[in-house]
Structures are given as C-alpha cells and as structure tokens.
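Please open the structure in a viewer and keep the selection panel at hand. The stops below proceed from the whole chain to individual residues.

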Amino acid sequence: MLSVFVYSMVANGLIGYAVKAFGLKADSSVSAILIIVLFGVGTDYFLFLMFRYRERLRAGDDRKEAVVNAVGRVGEAITSAAGAVIVAFSVLVLSSLGMFKAMGPSLAIAVGVTAVASVTLVPAILSLIPQKVLFWPSKAWQREPEGAKFAALGRLVQRRPLVTAIASGALLLAFSAAALGYKGTFDLAAGSMPKTKESMVVQDTMMKAFSAGAADPSHVYVKAKEGSKLDEAAFPAYVAELGKVPGVATVVPKPEVSKDGTVADFTVMLKDAPATNEAIATVTDLRDVAHAKTPTGTDALVGGVTSIYKDINSAMARDYSLVFPVAAVLIMLILGLLLRSVVAPWYLMAAVGLGFTATVGATSLMFQHVQGETGVMFMLPMLIYLFVVAIGTDYNILMIARLREEAAEGHDPRSAASLAIRHGGPTIAAAGFILAATFGTMLLAGNIFFSEIGFSVAFGIIVSAFVMSLFFTPALTALLGKWAWWPGHAQLPGHGAEPADLRNPEPAGRH
C-alpha cells in the first residue's frame, strides 16, 4: 500500500496547486489552517473513493468498471460531505472577528476544489494505474480478510442496537457534561513562553511587587466634548469613583493630560492578571462606572489589553450564537437532500452536537483538572468547530449514505447497519486514524496551547469516527428502521418502487 500513500500525497499536492490557482491570499495563520484542512479532507475523500474502488475490484469489476461504479456509489457522499464542510466554513463570513471572516471563503473554496478533484481527477488517474502497481507491495487487497474486525463490529450492532446506542450515547453525554466546566483563557504568553525569558521575569516581578494587573494596566480615556479643555478640578472625584470598582487595585492619582488639554489618560491597575476572567469581569464594571461618572462635558472610553479581551469575548459569544445555528440548519438541508429524509438529519445533527460538546468537555477535563491549568485557549471551541464538526461530519455522512444504500438494496434495518459497518468501517477508521494521529503529534510541541489544539482535535476526530459514525449513528438508524428515511422510505423495498441496485444486481461477492 506504499504506492497508495505516495499517490495520496501527490493528489493532495495537485489539489493544493489548484487552490492557489484561484489566487487566494491569506495571512500565515489562515494559510496554516488551509493546509491542514486541505490535507485532512483531501485524504478523507481519497480514502472514501479508494476503499470503494478496492471493494468493487474484489466484487469482480475490471479496473475502469470499478472506477465508474466506485464514483457512482460514493460520489454523492463525497459531494454531500464537501457541501456540508463548505457550508460550515462559508458561514464564518457572519463572524464579527476579522480572522474568521477572512478564513471562511478561503477554506470553502479549498474544500470545493478538493471535492471536484476527488470525483474527477482522482478517478481518471485511478483508471490508468494497474491494480498491482497501485496496491504494491500488498496482495491481500484482492480479498476481504476472514473474520474481519469490522464485520464483527457490524454483527454486534446488528444484535444489540439498543445497547450500542445507549452505551455510545452515554459516553458522549458524559464527556459533554464536563463541558459545563469549560473556562476560556486569554493568557497566551503564560502557556507558550518560558518563565526565564526577560519579558516574563519583568511581568512576574511587577505582579508580585504591585498587583497582578500592574504588568499590563487598563486605561480610561476622558475626552472633552466640542474641543473644549478638560476641567482638571474634577479629576480627583473621578479617580475616587474609578477606585471604588470591585477588582480595581489602584488608580494613578494624576492622569496624563494631552498637550492641548482635551484628553486625559487615567491608568487603572486591576487586582487580577489582565488575561483572567476575573479581570474581564472587572473591566465590564469599570466601563459602566467610567461612562456613568464621567465629568460634565466629557466622554469616556476604557482601553487596554483586558478591554480588548472583553470585546473579543463578547464577539465570540455572539458568533457562537449565530454561526453554529445557521451552519446546523444549512447542513441539515444538505443531509435531507442526500437522504431524502426529514428524520435522519435531526439525529445526525444531534450526534454532531454531542461530538462537539464531548470534545470541549474532554479537553476541559484534561487541561483544567488533570494538568491544572486555569483555563483552555479561548479560541478552542471555534477551532473544534473547524476541524471536528466540519471535517468529522464527513464520516457521519459516509456512514449514513452507506446505511441508506444497504437499505435500498433490500436489507432489513439491522442487517443494513451490519453491512454498512463491515464495508464502510475500514474507510472511516483509516481516515479518522490518519487525521487524529496527524493532530496528535502537536502534543509533542512542548507548548500548552499547541497541546490543547492537538488533544482536542485528535480526540474529536476519534469520537466522530469511532464512536459516532461506527456505533451511535448505525445503532440509532437500525432502531428507527425504515422510519429513519421518512418520507423517502417510499423508495425503499417494500414501499413501492424497486431500487436500481435490485434491478441491476452486483456481481457475486459483493457482500
């Protein structure tokens, strides 16, 4: 299978070149995420097609016929998965933060190009490469291993769908409950800079000598209206009001006044470190007092790094309440069109939501409780959305599409679940393992925030691939039976129309 790996890297490289052809411009952070997403979805779609191509070869198709059948069967799942990811990224244009707003279109275009290449360029190249060369040096690809692990997992779900659904759902709910203890932190320096660096030594010294907020004080700027000069006689009373705010350590008695006398800078030192949630809460109260008690004829603004964190925090909360619901509705529409159902999209999105909260919860447990950190990186939920919700949804879509395909071929719901896991499981497991292992290497970086990203994304991908897609979704679908496809179940065997796959049976050895 060495040649398969090499080919995958070459194919992803060609896709990357195609993305650049669109003239996308992005800063270094967007470019890094773009590369990760590109190789993530590119490898997923390549494996989706490759495993189905291998399955068709085992069923007796010749090389070109196997390519045609593979694309015909898995192409819709790839395009639907890509559509869901494109939607998830595109709605980032609704973000109030410039980084995410710029990132969304770039990622969406990259995924679109990848999907097109996956169902056009990749199949064309596959049809030209002999099987012996493509799968070299292995010969085991020619037959499915007897007693395959995924066949055994499929039989387990077939026999015990209720127990499987409850067990996998309980696992997701248990980790999701831990998400209630999530605390975001803006203190990026503490987690990434050694304590021996000069800047960190100075910061620690000032925090010990004065107050935790002394290293990076907040500022209240008072400006006279209509260009008139400030009345400095009102300053002492204003300083006293600012000093009464809970969480404020000291206010410098004499503010710095501009040369023209129209602006004054009141330096405020907080009791808590500027990046903490306590400091952010203090700034919220400080703003209220600064605006309400401002001297007559003046306006006040509160600045400083803590004030910036406060605004970012508010923007992130607003984005979560807008971006996530819009993405969920649009992805549900895509799932509904793919499955011809209004039932399945609901529990699929519920599963994706549980996967998201379970990942946040597991990360909180690991770093806040096991590692003893005061919180995890404030951007982590959005990064989990980018890499786990968006990309991890691919696995759920591939599995549910295979479940419907097996049902359309005349299998009862439990047998369809067994066969879907048997044939779709290796694809999902391989794709999930590769992506999780790739992100898992970030745990070796020696930087707490890289470790948080690596752990959360690796955990989220594992949950999406090995818990949600291989157990939770098939088990629920088996329990719901043909109602999972309502109203599209009218097209399944026993409800009227005869499926195309039954009118044109596959060669012997399909299952």
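**The whole chain**

Begin with the entire chain displayed as a cartoon, bearing in mind that this is a predicted model. The chain contains 18 helices and seven strands. Of its 511 residues, 51% count as buried. Among the contacts in the chain with a separation of 6 or more, 79% are between residues 24 or more positions apart.

**Strand E5 and its partners**

Select residues 263-270, which form strand E5. Six of the eight residues of E5 are buried, so this strand is largely enclosed by the rest of the structure. A residue counts as buried here when its relative accessible area is under 20%.

Add residues 218-224, strand E2, to the selection. E2 and E5 run antiparallel and are joined by six bridges. Within this pairing, Asp265 of E5 has Tyr221 standing opposite.

Next, add residues 248-251, strand E3. Three bridges connect E3 to E5, again in an antiparallel arrangement. For Thr250, the bridge partner in E5 is Met269.

Complete the group with strand E4, residues 256-257. Two bridges link E4 to E5, and these strands also run antiparallel. Glu256 stands opposite Asp265 of E5, the residue that Tyr221 also faces. Follow the backbone from E4 into E5: the two strands form a hairpin with five residues between them. In the turn, select Gly261, whose phi is positive at about 75°.

While side chains are displayed, one general point is useful: in a regular strand they alternate between the two faces of the sheet.

**Helices H11 and H12**

Hide the strands and select residues 235-243 (helix H11) together with residues 277-292 (helix H12). Two packed helices are described by the angle between their axes and the distance between the axes. For this pair, the axes come within 9 Å and cross at roughly 155°. Angles over 145 degrees count as roughly antiparallel, and H11 is therefore roughly antiparallel to H12. The crossing of H11 past H12 is right-handed.

Show side chains for the residues that make the contact: Tyr238, Glu241 and Leu242 on H11, and Leu286, Val289 and Ala290 on H12. Coloured by class, this contact has five nonpolar residues, no polar residues and one charged residue.

**Helices H13 and H14**

Move to helix H13, residues 305-339, and helix H14, residues 344-370. Their axes are 9 Å apart, and the helices pack at an angle of about 140°. H13 and H14 are therefore oblique to each other. Their crossing is right-handed.

On the H13 side, select Phe324, Ala328, Ile331, Met332, Leu335, Gly336 and Leu339. On the H14 side, the contact is made by Ala344, Pro345, Trp346, Leu348, Met349 and Phe356. By class, the contact has twelve nonpolar residues, one polar residue and no charged residues.

**Two backbone details**

Most residues other than glycine have a negative phi, and most peptide bonds are trans. The next two selections depart from these patterns.

Select Arg340 in the loop between H13 and H14. Its phi is near 55°, a positive value in a residue other than glycine. With a relative accessibility of 41%, Arg340 counts as partly exposed.

Then go to Pro487, in the loop between helix H17 (448-480) and helix H18 (500-503). The peptide bond leading from Trp486 to Pro487 is cis, with omega near 0°.

**Two single residues within helices**

Select Phe449, in helix H17. Is Phe449 buried or exposed? Its relative accessible area is 9%, so Phe449 is buried. Add Val376 and draw a C-alpha to C-alpha distance: Phe449 and Val376 lie 7.7 Å apart in space although they are 73 residues apart in sequence.

Finish at Asn69, in helix H3 (residues 63-90). Asn69 has a relative accessible area of 24% and is partly exposed. Which residues does Asn69 touch, not counting those up to four places away in sequence? They are Arg56 and Asp61. Between the C-alpha atoms of Asn69 and Arg56 the separation is 7.2 Å, and the two residues are 13 residues apart along the chain.

Technical notes
Residues are numbered from 1 along each chain as its sequence is written. This is a predicted model: local features need pLDDT of at least 70, side-chain atom pairs count only at pLDDT 80 or more; totals for chains, interfaces and linings use all residues. Side-chain values use heavy atoms; hydrogens and water are left out. Buried means under 20% relative accessible area, exposed over 50%, partly exposed in between (1.4 Å probe, protein chains only). Helices (H or I, at least four residues) and strands (E, at least two) are DSSP runs, numbered from the N terminus. Two strands pair if DSSP finds at least two bridges between them. Axes are lines fitted to C-alpha atoms, for helices over the stretch in contact, and angles run from 0 to 180 degrees between N-to-C directions. Angles under 35 degrees count as roughly parallel, over 145 as roughly antiparallel, 65 to 115 as roughly perpendicular and the rest as oblique. A crossing is left-handed if the near helix is turned anticlockwise from the far one by less than a right angle, and right-handed if clockwise. Contact means heavy atoms within 4.5 Å. Ala, Val, Leu, Ile, Met, Phe, Trp, Tyr, Cys and Pro count as nonpolar, Asp, Glu, Lys and Arg as charged, and the others, Gly among them, as polar.
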